[in-house]
Amino acid sequence: MPPRSSAALRLWNSRPLSYTSLLRLCSPALTRGFLAASLSGDSASPPSLRAFYSAYSPSAWRRHRAFSLHSSPVLRTPAETANMSTIQRITENLEKPELDDRSYRVIRLPNKLEALLVHDPDTDKASAAVNVNVGNFSDYDDMPGIAHAVEHLLFMGTEKYPKENAYNQYLAAHSGSSNAYTAATETNYFFEVAAMAESTDQKTAAETTTNGSLANGTSTSKNSSTSDLAPPLYGALDRFAQFFVKPLFLESTLDRELRAVDSENKKNLQSDLWRLMQLNKSLSNSKHPYHHFSTGNLQTLKEDPEKRGLEVRSEFIKFYEKHYSANRMKLVVLGRESLDELEAWVTELFSDVKNKDLPQNRWDGVEPFSADDLCTQVFAKPVMETRSLDIYFPFLDEESLYEAQPSRYISHLIGHEGPGSILAYIKAKGWANGLSAGVMPVCPGSAFFTISVRLTQEGLKKYREVAKAIFEYISMIKEQEPEQWTYDEMKNLAEVDFRFKQKSPASRFTSRLSSVMQKPMPREWLLSGSLLRKFDPESIKKAMSYLRADNFRFVIVSQDYPGDWDLKEKWYGTEYKIEKVPEAFLAELRQALNSTTETRLSELHMPHKNEFVPTRLSVEKKEVSEPAKTPKLLRHDERVRLWFKKDDRFWVPKGTVHVTLRNPLVWATPANSVKAKLYCELVRDVLVEYSYDAELAGLDYHLSASVFGLDVSVGGYNDKMSVLLEKVLTSMRDLVVNPERFHIIKERLSRGYRNADYQQPFYQVGDYTRYLTSEKTWINEQYATELEHIEAEDVAAFFPQILQQTHIEVLAHGNLYKEDALKLTDLVESTLNSRPLPLAQWNVRRNIIIPPGSNYIYERTLKDPANVNHCIEYYLFIGNITDNALRAKLLLFAQMTDEPAFDQLRSKEQLGYVVWSGARYSATTFGYRVIIQSERTADYLESRIDSFLGNFARTLEEMTEEDFEGHKRSVINKRLEKLKNLGSETTRYWSHIGSEYFDFLQNENDAAGVRSLTKADIVQFYNQFIAPQSSTRAKLSIHLIAQSNTNGNAADGPQDRQARVVAELGKQLEAAGFAADTDRLEAALKKATEKSEVLSAFHTFMLSEMSLSEEQAKPVLSKAEQNLGLVFGSPAEGSELTNSGTEKPQQPAITYITNVPEFKTRLSVSAGPHPVTDLTEFEDFDPKL
């Protein structure tokens, strides 16, 4: 299929996102945000969000006016006013979607910084992003990764806000988050924050809150900008702008952030995505910056430059000064404020960004692939069991072709999956499972057109035949004139998608638009760049001319073939072999490109017209005083539970029908679960050609096995929804299991289970936590064992048993009427014709109750021998998910520890790039957890989490009422955050239905619960459930242990005394929160043999090499002196201390889990899910449609 977005092909590095920012950025690099989504446990109902006020309350308006007196342009000095008069207003007439109620203005400041201002009167999240036209292509050849390192360092303090985490603290206190990424030619910084100082949904806005804080929410907290009179956006913008005005590149943070970059790189070392991407880069033209190693590591950014006599901090500052200029920056600001006020703020805060009149970064006159790189084939050995053929054609740059976009026409044809397509042919041959095609922009002036085929075992052997089929299809496209109807169909679909485009999360919007602004398109088209505007046959033919038999590279990926890899890539160690394409094969490709209708494969032909293009796009919009908060039950009987809500909020011609076919057989055993997965894969396999047209037309379906049974959904434009649903259901009912396809799919599933063991450890750890805390669930190795014994006839016999008896649960939501919902449900019933499943046979989910006073550890050795990272999930059981008071306390505590945990464990102690803390929701219970992936051992990580949580008692004790109320406000804002689009509302309803609690108002209940909490409540919660010394705390830790690790703690060190000394001192530095460079430390201690000499050299090392102050070094030296007694033969004095210097709290003895079934058998389980509200209250059997 064509790629969904060119962003998927961009080469970037991303900083870690905070908890709330995860669902918004698709990047190969790991982010804290991605963790919050991918590590959300097995909850069916993640934290949901609700609306703020749609306008300022009177008290809020008074605060707004009070602030405006300090920021309004009417009070500016004459010089400032004159400066404002030179602001160029470029346009306010942006093409926008039909339902877009925002106002836009594009301006250019006197310093040539261009900004897009967005006024959204109803948003509850404000945001801003800056995109700078410099990326890793501008790295120095002898300092790869410097652009990425500079991105990291800009967060570490500015002249106006010198505290290194001032920016993140401010955002955290105002329901905000931030992130950044470094791509080839751009670096993108963005944040989001509450649009108002407090949730406008609070009914008590004008009343005094608990604990005597002011009714108007004003605060002199350290995290406020002047006070909470200032809208959070202004305070965030003020801090953000200073990144580009006067960053400090603090010496004290340099080592830590470079180690963060190094950790980020090590996180990716076993990722095939990164390994294969870098292999292609490393084998490219060394004269083009595409050749660069983009992430950087400690060696490239610190060790090697220092060996050459460079002062690395100065190099980072020089890079910043050389490349960061106002005229290279594009700013997007979105807020509730008027365009005039946003313009005033941007003028005030960004006018001091220096303009150096730098030209656009371009690399004209040199291509990513030289002549020697073409007509080559690279054989690469992956970490995981994957097989693929990737074809790279050097391609034209489409930057100035934004009206025609010829590559979209080409990728539509080559990536098609319907009858006559390349995929249909090679899939029928048993050679492939998937194909995608599309343009991959490299930089201004350069691009690749890529075709990627996922091969079967047989397809790997026949990769030449696959390539020839592709070249024959290219020949077929070339021999025909570009077709107007094909272009018009694509144009029509693009227009429909844009017309009904809904809002996306604020920071996703600003980040993307700031990147789009770097393109040379009319500013009126910034929002509508996806539209096709001009059918240009000549540009299509010119683009096709790049797809030639002398202008390509093959990359063949397999663990088995050819087996004689003789080279290793420099940065990731990928084994590979490169050679010229054999002349005989090249001749066959030329012949394929010259094929004619008579000689070409008869199975290949152009796509037919798409019958799924939506034609009925009307929406009946009825104004309502307030959107309904819950769906209604239209049917509630022994066969069906039908939930329905007609869209009364977003008014788009779209809908979704979710169906669960409940049957306990699916989850009865691991074997049954595997058979159900195979069945779903076989049905999807049969539907590929049929459903592809629907997918192109904005209508998609999903089919999967779950704990309930089978889940089916159809969603998108509602015009032809019933047609697709009927086809899916009949295919499910009438499936004939094809033995050949079965074996291909079985092999693919088997590989998937094996590959799961080679994912990054933090991806794996949640499966084991779920395995240990759920009464009935399984892990991949159990599935893989059962899969070996399942054959085609087993699946053929199994699936009718599921379909013959079911309970049907349906949610119909969107641009649908009652009649539509009832008819769609009748379609499910009549097509499957199953008998009802009695309630007594429904599967009941329960979770294990971890008893108070427990201290369990489960250890598991990771299977990837080359992985260097350990991982821990440190889980504290809290209670039942229906306990509203406990849930509110957990939400608030998680908010309070979010930024401090990241700052201490990731930023200061540099334990690893992956650090995340927060709530973990299971089916019936919840808890608090910390996840770290690190080169440090899991035991060491456990000790550091203990230390952090132990020391948090003091943080809690010293927390001011203002800060405490700020944390409450932040949680309330998050829980009441507005739904952004129809899909988010559907997801909320279906997750609450799937939870079986039907707590549709959980977000409001949580906000109310948090609003009433006092600091004493959280202290009591901490002492009972969190404090390491608590006798009532219930802890379970999962330790994933790496086989390959060269940087563990002292217990893993070499035997000789010198090495043990270095290891011990490194441990003390880390315990104090400082990154330890053991190589440099070892060199500094080389001549020290006696204890006194070691301590003296260590003292000097901390002061000179690490630039620590005497105050910082003294406690580390004191602790080192105690513990070196063990190395030099005398006992250490004193007890083990925490960072705060207090005695380490005594904890219950550790119980190691060695037999999981026995562990679970000995413990109690929770009650199963049950409705929190009588379901009859949702019933609406009124026949009125």
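Of the contacts in the protein whose partners have a sequence separation of 6 or more, 82% are made by residues 24 or more positions apart. The model analysed here is a predicted one, and its secondary structure comprises 37 helices and 28 strands. Of the 1185 residues in the protein, 61% are buried, while the exposed surface amounts to about 44600 Å², with carbon and sulfur atoms supplying 50% of that area.

The open sheet considered here contains 7 strands in the order β11-β12-β10-β13-β9-β15-β14, and its pairing is mixed. Because β11 (432–443) and β14 (567–568) each have a single partner strand, they form the edges of this sheet, and one side of each is left without a neighbour within it. At the β11 edge, the partner is β12 (residues 446–455), to which β11 is joined in the antiparallel sense by 10 bridges; within this pairing, L435 has V453 of β12 as its bridge partner. In a regular strand, side chains alternate between the two faces of the sheet. Helix α15 (residues 463–479) lies across β9 (376–380), β10 (388–395), β12 and β13 (553–557), and it runs at about 40° to β10.

Two antiparallel hairpins were examined outside this sheet order. In one of them, β16 (residues 632–636) and β17 (residues 640–646) pair over 4 bridges, with R635 standing opposite L642 of β17, and the connection from β16 to β17 is a hairpin of 3 residues. In the other, β19 (residues 699–705) runs antiparallel to β20 and is joined to it by 7 bridges, L699 being placed opposite G716 of β20; here too the hairpin linking β19 to β20 passes through 3 residues.

Strand β20 (709–717) also takes part in the surroundings of helix α16, whose buried residues pack against this strand as well as against α12 (406–414) and α20 (670–696). The buried residues in question are T486, Y487, E489, M490, L493, A494, V496 and F498. An α-helix has 3.6 residues a turn, so residues three or four places apart point the same way. The length of α16 (residues 484–499) agrees with expectation, because its 16 residues should span 22 Å at 1.5 Å a residue and its end C-alpha atoms are 22 Å apart.

A similar check was applied to helix α23 (residues 761–773), in which 13 residues reach 19 Å from the first C-alpha to the last, close to the 18 Å expected at 1.5 Å a residue. Since 10 of these 13 residues are buried, α23 is largely enclosed by the rest of the structure. The buried positions of α23 are P761, F762, Q764, V765, G766, Y768, T769, Y771, L772 and T773.

Packing between helices is illustrated by α7 (residues 251–268) and α9 (residues 298–307), whose axes are 9 Å apart and enclose an angle of about 135°. With angles over 145 degrees counted as roughly antiparallel and those from 65 to 115 as roughly perpendicular, α7 and α9 are therefore oblique to each other. On the α7 side, the contact involves D255, L258, R259, V261 and D262, which meet L298, L301 and K302 of α9.

Note on methods. Residues are numbered from 1 along each chain as its sequence is written. This is a predicted model: local features need pLDDT of at least 70, side-chain atom pairs count only at pLDDT 80 or more; totals for chains, interfaces and linings use all residues. Side-chain values use heavy atoms; hydrogens and water are left out. Buried means under 20% relative accessible area, exposed over 50%, partly exposed in between (1.4 Å probe, protein chains only). Contact means heavy atoms within 4.5 Å. Accessible areas come from the Shrake-Rupley method with a 1.4 Å probe; for residues, only the protein chains shown count as cover. The expected span of a helix is 1.5 Å times one less than its number of residues. Two strands pair if DSSP finds at least two bridges between them. Axes are lines fitted to C-alpha atoms, for helices over the stretch in contact, and angles run from 0 to 180 degrees between N-to-C directions. Angles under 35 degrees count as roughly parallel, over 145 as roughly antiparallel, 65 to 115 as roughly perpendicular and the rest as oblique.
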